[in-house]
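The exercises below are meant to be worked through with the sequence and the 3D view side by side. Try each task before reading its solution.

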Amino acid sequence: KQLAAAGLDDFYRGDIGREIAADLAAMGAPITRADVEAYSARIVEPLSLKLDELTVYNFPPPTQGLASLLILGIFEKLGVTRAEGFDHHHGLVEAVKRAFAIRDRHITDPAHLTADPASFLTDAVFAREAAAIDRKRAAPWPPRPGNGDTIWMGAIDGSGMAVSYIQSLYWEYGSGCVLPKTGIHWQNRGVAFSLDRKAVNPLTPGRKPFHTLNPAFARFSDGRILSYGAMGGDGQPQFQAQILSRYRFGQSLAGAVDAPRWLLGKTWGAGSVSLKLESRFDPMLLARLTAAGHPVEEYSEAYSDQFGHAGMLLKHPRGEVEATHDPRSDGDARGI
């Protein structure tokens with residue numbers, strides 16, 4: 001009611017902003033009212049990647065959208081043409097490793113970048129990274145911890161306006177702090193900062209932290225428009241790559257989201273750095289991945305929410321829209 005009466009800017013520079021700052025001060029948080037008042041949302045140009053029959057879009061830093069696009073670009077150079085085989089899954093896993101290495105070296109507050117993110121989205125970079133992948137063996141995996149408490153949503157209206165949206169508190173229950181005067185549950189993205197002043201993301205006043213949120217979007221050359229994404233911390237780019245590649249290889253939206261998934265490394269609620277797989281994968285694939293040196297850990301669940309809550313919405317050129325939600329979650333897909 002207050003926002004409706006006073007305007008949305010009140011959240012930062014009005015009465016609500018004052019109450020937020022006062023509660024944070026009472027909790028001992030270093031965020032001041034001046035910090036809250038200084039914040040404003042930015043309208044940014046998305047990063048993009050042109051593949052054969054589609055262009056994929058994602059968010060620039062401080063998100064990991066660059067990593068999501070790198071995975072797709074590197075994988076494309078491997079020339080895989082069929083879903084669900086060893087080449088498909090091994091290739092994507094290895095592309096994840098190459099993309100995350102670039103991500104961890106470069107993504108930070110956009111005001112402090114040392115390189116243009118678009119400079120990594122080139123044929124030369126994709127070819128270089130793909131050439132470093134052993135098509136038969138797994139590369140060593142340097143673990144990077146990550147947690148998350150996130151949801152993805154998408155929508156397409158009757159005029160064709162499409163939205164890919166993601167929101168997060170980060171970590172289970174965010175910071176654990178509820179501001180008494182407003183009831184706002186404060187998020188925990190500041191945990192991505194480092195106290196090492198020489199780190200890629202050092203804790204300094206006014207700086208934006210690296211974060212994992214990266215809603216995805218694709219436009220096909222035949223006019224189809226795809227809004228898609230998944231929650232899951234470091235798993236987000238991995239789940240996006242799996243569902244999009246499956247759809248491109250001919251699976252339906254529902255089939256691509258329903259199919260068994262894997263996750264490399266840590267993510268929310270999962271502490272090990274293994275290559276985790278749902279139980280519905282072909283045992284022969286698991287055997288080949290293990291033989292290739294992947295630290296395979298098979299889950300007993302056929303559908304586990306450790307492997308993300310994904311969704312896809314597709315608008316066809318003639319106007320009809322199809323959508324699917326993840327059986328791993330309590331989400332929904334419906335026309336209104």
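Helices (H or I, at least four residues) and strands (E, at least two) are DSSP runs, numbered from the N terminus. The model is a predicted one, in which local features need pLDDT of at least 70 and side-chain atom pairs count only at pLDDT 80 or more, while totals for chains, interfaces and linings use all residues. Residues are numbered from 1 along each chain as its sequence is written, and side-chain values use heavy atoms, with hydrogens and water left out.

**Exercise 1.** Compare the span of helix α8 with its expected span, then describe its cover and what follows it.

*Solution.* The expected span of a helix is 1.5 Å times one less than its number of residues. Helix α8 has 14 residues (235-248) and should therefore span 20 Å, which agrees with the 20 Å between its end C-alpha atoms. Turning to its cover, 13 of the 14 residues of α8 are buried, where buried means under 20% relative accessible area, exposed over 50% and partly exposed in between, with a 1.4 Å probe and protein chains only. After α8 comes G250, whose phi is positive, near 110 degrees.

**Exercise 2.** Place A130 in its surroundings.

*Solution.* A130 belongs to helix α7, which covers residues 123-131. With a relative accessible area of 10%, A130 counts as buried. Contact means heavy atoms within 4.5 Å, and, not counting residues up to four places away in sequence, A130 touches I74, K77 and L78. The C-alpha atom of A130 is also separated by 10.0 Å from that of G79, although their positions lie 51 residues apart along the chain.

**Exercise 3.** Classify two of the aromatic pairs in the structure.

*Solution.* Rings of Phe, Tyr and Trp (its six-membered ring) pair if their centres lie within 6.5 Å, and planes under 30 degrees apart count as stacked, over 60 as edge-to-face and the rest as tilted. The structure holds seven such pairs. One of them joins F100 and W141, with 6.3 Å from centre to centre and 45 degrees between the planes, and is tilted. Because F100 lies in helix α6 (residues 86-106) and W141 in the loop between α7 and β3 (150-156), this pair ties together parts that are 41 residues apart in sequence. For Y299 and F307, the centres are 5.1 Å apart and the planes stand at 75 degrees, so the pair is edge-to-face; both residues are buried.
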